[in-house]
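This report introduces one protein structure to a reader who has not met it before. Please keep the sequence and the model at hand while reading.

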Amino acid sequence: MYDNISIIVPSLNPDEKLLEVAKGLVEAGFTDIILVDDGSDNEHKHYFKDIQNEYGEDKITILTHDVNKGKGRAIKTSIAYVLANRPDTGGIITVDGDNQHKPEDVKKCLDKMAECKNSVILGCRDFDQDDVPWKSRNGNKITRTVFRLVCGMKISDTQTGLRAIPAEHLEFMQGVKGERYEYETNMLLEMGDNKIPYDEVKIKTVYIDDNSSSHFHPVRDSIRIYGFILKFALSSAISSIVDISAFRVLLALLPEKIGIFPDTIVAGLVARAISSLVNYGVNRKAVFDSKGSVGKSLVRYYVLVICQITASVCIVSGIVKLFGISGGWLKTIVKAVVDIILFFLSFRIQKKWVFKK
């Protein structure tokens, strides 16, 4: 049943846990296991060969990076190998080499993939268990919240390494950007953008020695993982500073009424016109890396800007009037809160429509 499925196991400086992973997979009946030596040092290289000698070259394939290139590159190297050497492949499933993914869960994911045909299957852990390390529990909660708010994707375990990918999506996955841990996050983002279906399977939550064997570096790799979202947030922050600063200055210069319009409306319109030009330029080049027509994306962007301006101005003015708020600083605070809420909606619209690839 699993003869045309390749098991991909990226590993850097493995120990006896990799031996246990291989043993469990072979005993479970898997016949095509691809181990990726991602630049391991001489002290740890023998584990790969030990496994191949134990179970044979017909079941164990070793792919080697001369230097450490990252988990994302290791997975892409494996996909390239499968596409070139497994013409009848039914797909792959990625498995971590630290023995946290059990053979029965690997089977559950593959059974689900067979049932759902063209869906990517994610093996998702339960982060509410007492034995889950603090950094893993809270890191996942933050990431899945961000995914839900800004991407509209409901994923219970955004950092899972157990992923079953049907053959029809392999070429696409090989083209996803990212060389290290950010690749797995980018994969999910690209799946959302390109409407690739996905489903989840609940798996055992296993942490060994508080996950001490993980090569994940919290600060460095979190920056890589959140890079896309962080750039958008930074772009929005810069634009918001320009917007709020211009708004405050204009409130100080303008009378409380300009003709029939209150100062909040006039100041809001002018401030947003200035900040929107800054935001468009940064988002197009630095965030979404748009190669499309400037004219089309600019028109779409300003349709969104007009809608945002209308929403921001109406909501801010409504709150100011409803609660009888006076004074420039209080009005500015109200505007800042409203615009933070609109931030999440704006990200999703820009990603899926304005700068759609």
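The sections below describe the nonpolar cores, one helix and its surroundings, the internal cavity and a set of contacts.

## Basis of the report

The structure is a predicted model.

## Nonpolar cores

The largest nonpolar core comprises 39 residues. Within this core, I79, I92, V120, I165, M173, Y183 and M191 touch the most other members. Leaving aside residues up to four places away in sequence, Y183 is in contact with G72, I75, K76, I79, M173, Q174, V176, K177 and G178.

Another core lies apart from the largest one. This second core has 28 residues, including L25, I33, F48 and I51.

## Helix 2 and its surroundings

Helix 2 spans residues 46-55, and Y47, F48, I51 and Q52 are buried in it. Where do these buried residues lie when the helix is seen down its axis? They fall within an arc of 135°, so they line one face of helix 2. A general property of helices is relevant here: an α-helix has 3.6 residues a turn, so residues three or four places apart point the same way. On the other side of helix 2, N53 and E54 are exposed.

The buried residues of helix 2 are covered by several elements, among them strand 1 (5-11), helix 1 (16-27), strand 2 (33-38) and strand 3 (60-65). Just after helix 2 comes G56, which adopts a positive phi of about 95°.

## The internal cavity

How many cavities of 30 Å³ or more does a search of the whole structure find? The search finds one. The volume of the largest cavity is about 40 Å³.

The lining of the largest cavity is formed by F247, T264, I265, G268, S312, V313, V316, S317 and K335. By character, these lining residues divide into four nonpolar, four polar and one charged. Helix 10 (263-287) and helix 11 (294-323) each contribute at least two residues to the lining. Helix 11 gives the most, with four residues.

## Contacts of L250

L250 belongs to helix 9, which covers residues 227-253. Not counting residues up to four places away in sequence, L250 touches A267, V270 and A271. For one of these partners, V270, the separation from L250 is 20 residues in sequence and 8.5 Å in space, taken from C-alpha to C-alpha.

Notes: Residues numbered from 1 in each chain as written. Predicted model: local features only at pLDDT ≥ 70, side-chain atom pairs only at ≥ 80, totals over all residues. Heavy atoms only, no water. Core = buried A, V, L, I, M, F, W, Y, C linked by side-chain atoms within 4.5 Å. Buried < 20%, exposed > 50% of the residue type's maximum accessible area, 1.4 Å probe, protein only. Contact = heavy atoms within 4.5 Å. 1 Å grid on protein atoms, 1.4 Å probe; cavity = no way out; pocket = protein on both sides within 12 Å on 5 of 7 lines; lining within 4 Å. Points joined across faces, edges and corners; volume = space filled by probe spheres on them. Nonpolar A, V, L, I, M, F, W, Y, C, P; charged D, E, K, R; others polar. Arc of directions from axis to C-beta.
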